[in-house]
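Hello,

Here is the structure you asked for. My notes on it follow below.

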Amino acid sequence: MPTLSAAGLAQLLGDWRDDGPALRALADRIRLLLLDGRVLSGARLPAERELAAALGLSRTTVAAAYARLRDSGHLRSVRGSGSVIALPATTAPGPAEPLTVPGGLVDLTRAVLPAAPVVADAAREAAEDLLAHLPGDGYELLGVPALREAVAGRYTARGLPTAPEEVLVTLGAQHAVGLLCRVFLSPGDRVLVESPGYPHAVDAARGAGGRPVAVPVTAGTPGGWDAEAFEDAFARTRPALAYLMPGFQNPTGAVMPADLRRRVVELARRHGTRLVVDETTNDLAVEGPVPPPFPADTVHVGSTAKSLWGGLRIGWIRADAATVRHLAAHRAPWELGTPVLEQLVVARCLPRLDDVLVDRRAELRRRRDALTAELAAALPEWDVPHVPGGLALWVHLPTATSSALALAAHRHGVLLTAGPRFGVDGAFERYLRLPFGADAGTLRAVVVPALVRAWHETGAVAPVARRLEVIV
Ligand SMILES: Cc1ncc(COP(=O)(O)O)c(C=O)c1O
């Protein structure tokens, strides 16, 4: 059971106070840390006395905040283990309407789209294809040949000649990243990651014993990535692995410029770093071209989650054939291959993907433009970057109140992930990721009005403690 130290929790809590009672604000912020994954369900909270000392509060206040969490079902006392924080059973989202969760909440914690229509047709065809596989044993550690061929064909068409032997089919991109981390990292290895970046990838690196080294990315700037920070991070830490999202980076939507790609490849080669590019969002070019692949010695991760449907749970790794065999050989302790039927569905979809993407991009453009226009009208004080693609806006807020805003938006029916979840060490309290995957009607009628109400309750009026920061 992971244990949070008082100092560690105090750091994660950040600037948690608001104008209301401390016990409520503290309980709310701890609950948010749990809901957006910054604190793992099942973690043991520090003793009341220790947390009180770390936060400069009375023990009674901390005890009252813990009691509040107990009442809402987020905290339980375990004999001999103190207070354990956990998600109550009722908050787990079940099968739902697109982007809504039971209770009618709009779920913007996931940057996703509903399934592309082709998935339904492909599923019917794949049911027939499955018959040919039934006499076999069905354990597909490398992937079914038809899908490996289809994935290889797409890389070849993009200018990176690829053989089916260079493709390993996985259970989505997250599984691919986790597998790469588990197989290629040793405890203490440095892993270069982007900040802000994709939190589950950072968690996977940490879970494998890696130590993240962050390189900054800025939304809405031509370069996005800080080139000098790359030079510095490679030279200083000689990372074992670098994990990057060069095409419509999650959450900033940035696209890595061609000269920086070349530079990063050179740096990785020079420092013996395994370069992993996650192209999960790469096809989501709302405007401009789809970014090209990296050179053949880069490990590419791909997924159907954004282009077709998250529910397929199909992704892949493109690497040299020896690496692919090595990775497949190391799957067994965790799982024994990817389901055959879903692979056959994707094998049917991929030859039609270019047509699917034309519709997908047009839809994303409508949704991005609707959200951007509504925000400009309703919340002109927010700095909303123009993003060329991806699925989210990385909004710069005028006050460091992202966590409070996420909590307030929840009360108004919209689930959001606060900015700090995307940072390596809890930064980004001034940022909010706003996915535009919901339909334009929902964005207009529900999401933006909820944001306006939440903003007026939290960030619009900077609390006294924050106003004192600038004394003139
Ligand atoms: C960059 C990135 N990698 C991986 C994933 C997870 O992909 P999958 O659903 O295929 O596991 C996501 C999902 O949002 C993502 O944005």
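**Strand β11 and the ligand site**

In strand β11 (residues 315–318), G315 and I317 point one way while W316 and R318 point the other way, and all are buried (under 20% relative accessible area, with over 50% exposed and partly exposed in between; 1.4 Å probe, protein chains only). Strands here are DSSP E runs of at least two residues, and helices are H or I runs of at least four, both numbered from the N terminus.

This is a predicted model, in which local features need pLDDT of at least 70, side-chain atom pairs count only at pLDDT 80 or more, and totals for chains, interfaces and linings use all residues. Residues are numbered from 1 along each chain as its sequence is written, and side-chain values use heavy atoms, without hydrogens and water.

β11 runs antiparallel to strand β5 (residues 167–170), joined by four bridges; strands pair if DSSP finds at least two bridges between them. Strand β10 (residues 299–303) also pairs with β11 in the antiparallel sense, over four bridges. G315 is the bridge partner of T170 and of S303.

S303 is also among the residues that come nearest the ligand, with A173, D278, K306 and R313, out of 13 around the ligand (a heavy atom within 4 Å). Helix α7 (residues 172–184) gives the largest share of this shell, three residues.

Polar contacts are pairs of N or O atoms within 3.5 Å. A polar side-chain atom of D278 lies 2.6 Å from a ligand nitrogen. For ligand oxygen atoms, the distance is 2.9 Å to a side-chain N or O atom of N250 and 2.9 Å to a polar side-chain atom of R313.

Regards

Note on methods: A polar contact is a pair of N or O atoms within 3.5 Å; within protein, one must be able to donate a hydrogen and the other to accept it, and residues adjacent in sequence count only if both atoms are side-chain atoms.
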